[in-house]
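The following note is intended for a colleague who is new to this entry. Its points are best read with the model open alongside.

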Amino acid sequence: MKNHRQKELVASFLAGLLSGGLFIALLFMFHWNFFVDIILATGAFFGFSMLFKPRRKIGKISIDMLPDGETMSRQLEEAQNDFRCIEQAMQQIKEPEVKRETQRLKQTAKNILAYLEKHPEKIRSARQFIDYYQETATSLLQKYIELQETELGTEDVMRLKKNTLKAIGTLNTAFEKQFQKLMYSEMLDMEAEIRLLEQTVKMENEI
C-alpha cells in the first residue's frame, strides 16, 4: 500500500509538471488567452493524472478486472499484514520447539498468500483463513512473546507455554486444511489428468 501511494505521488508530480509546462508554453510562446490557458492546463492535469495513474494489481491482474477487486485487494493486504506479524514473532521466539512449529506455520501461510496472488478469484474462499485462523495465530504469538519477555518460570506460565505449543500445532493443521480446500479444484484436475493418462496407456497396450 505504501508503495502504491508513492507511485500515486510520482504520477501527480508528473501530471503537474507536464500541465504546468503546457500552461507556460501556451501563455508565453503562443500568447493564448490567460483564462483559456488555465482551463486547458487544468484539463491536461486531470488527463495526465489518469494516464499516469498506477494500476493496482493482485499478482499480475489489475483489480479493475476483478469483480469486487477493491475488497479482495483489501482482504489480501490484511492477510499480508498478519503474515508479517507471524514472521516477526517467529524471529523473537526462543524456545526451539515453539520456533520450529511457528516456522512451519509461517511457511504454510506464505504458500497460501503466494497461491492467492496467483489465483485472486480464490480470495473470497479464503476468508476463514484470513479473518480467523491467521488473525488468531497473530494474536496468540504476540501474547506468547509478551509471556516470554516476563522471564517467569512459574507453574502457570509453563502450563500456558505448553498449551500455546499445542495451539500452534492445531493452527498448523488448520492452515494446511485451508490450503487443501483452496487447491481442491486443481487437485481434481490433476486426478482427472492422471486417470486419463492411465486409460490412454491401457488402451494403447490392448491394441
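1. In this predicted model, A89 counts as buried, because its relative accessibility is 4% and the cut-off for buried is under 20%. The residue is placed in helix 3. Setting aside residues up to four places away in sequence, A89 touches L141 and I145.

2. A second position to examine together with A89 is K106, which lies in helix 4. The two residues are 17 residues apart along the chain, and their C-alpha atoms are separated by 9.9 Å.

3. Is K106 buried or exposed? With a relative accessible area of 12%, K106 is buried, since that value falls under the 20% limit. When neighbours within four places in sequence are left aside, the contacts of K106 are F83, I86, E87 and M90.

4. T138 deserves a similar reading. This residue belongs to helix 5 and, at 7% relative accessibility, is counted as buried. Beyond its neighbours within four places in sequence, T138 is in contact with D82, C85 and I86. I86 is thus listed among the contacts of K106 and also among those of T138.

5. The next point concerns the nonpolar interior. The largest nonpolar core has 29 residues, and those with the most contacts inside it are L105, L116, F129, I130, L141 and F175. Helix 3 (69-92), helix 4 (96-118), helix 5 (127-150) and helix 6 (155-182) are the elements that give two or more residues to this core. As general background, nonpolar side chains in soluble globular proteins tend to be buried together.

6. Which residues does L105 touch, not counting those up to four places away in sequence? They are A137, L141, I168, L171, N172 and F175. Two of these, L141 and F175, are themselves named among the core residues with the most contacts.

7. The pairing of helix 4 with helix 5 merits separate attention. Their axes are 12 Å apart, and the helices pack at an angle of about 150°. Because angles over 145 degrees count as roughly antiparallel, helix 4 and helix 5 are roughly antiparallel to each other. Their crossing is left-handed.

8. Finally, the residues that form this contact can be listed. From helix 4, V98, T102, L105, A109, I112, L113 and L116 take part, and they meet F129, I130, Q134, A137, L141 and Y144 of helix 5. By type, the residues of this contact comprise eleven nonpolar, two polar and no charged.

Methods. Residues numbered from 1 in each chain as written. Predicted model: local features only at pLDDT ≥ 70, side-chain atom pairs only at ≥ 80, totals over all residues. Heavy atoms only, no water. Core = buried A, V, L, I, M, F, W, Y, C linked by side-chain atoms within 4.5 Å. Buried < 20%, exposed > 50% of the residue type's maximum accessible area, 1.4 Å probe, protein only. Helix = DSSP H or I, 4+ residues; strand = E, 2+ residues; numbered from the N terminus. Contact = heavy atoms within 4.5 Å. Axes fitted to C-alpha atoms, helices over the stretch in contact; angles between N-to-C directions. Parallel < 35°, antiparallel > 145°, perpendicular 65-115°, else oblique. Left-handed = near helix turned anticlockwise from the far one by under 90°. Nonpolar A, V, L, I, M, F, W, Y, C, P; charged D, E, K, R; others polar.
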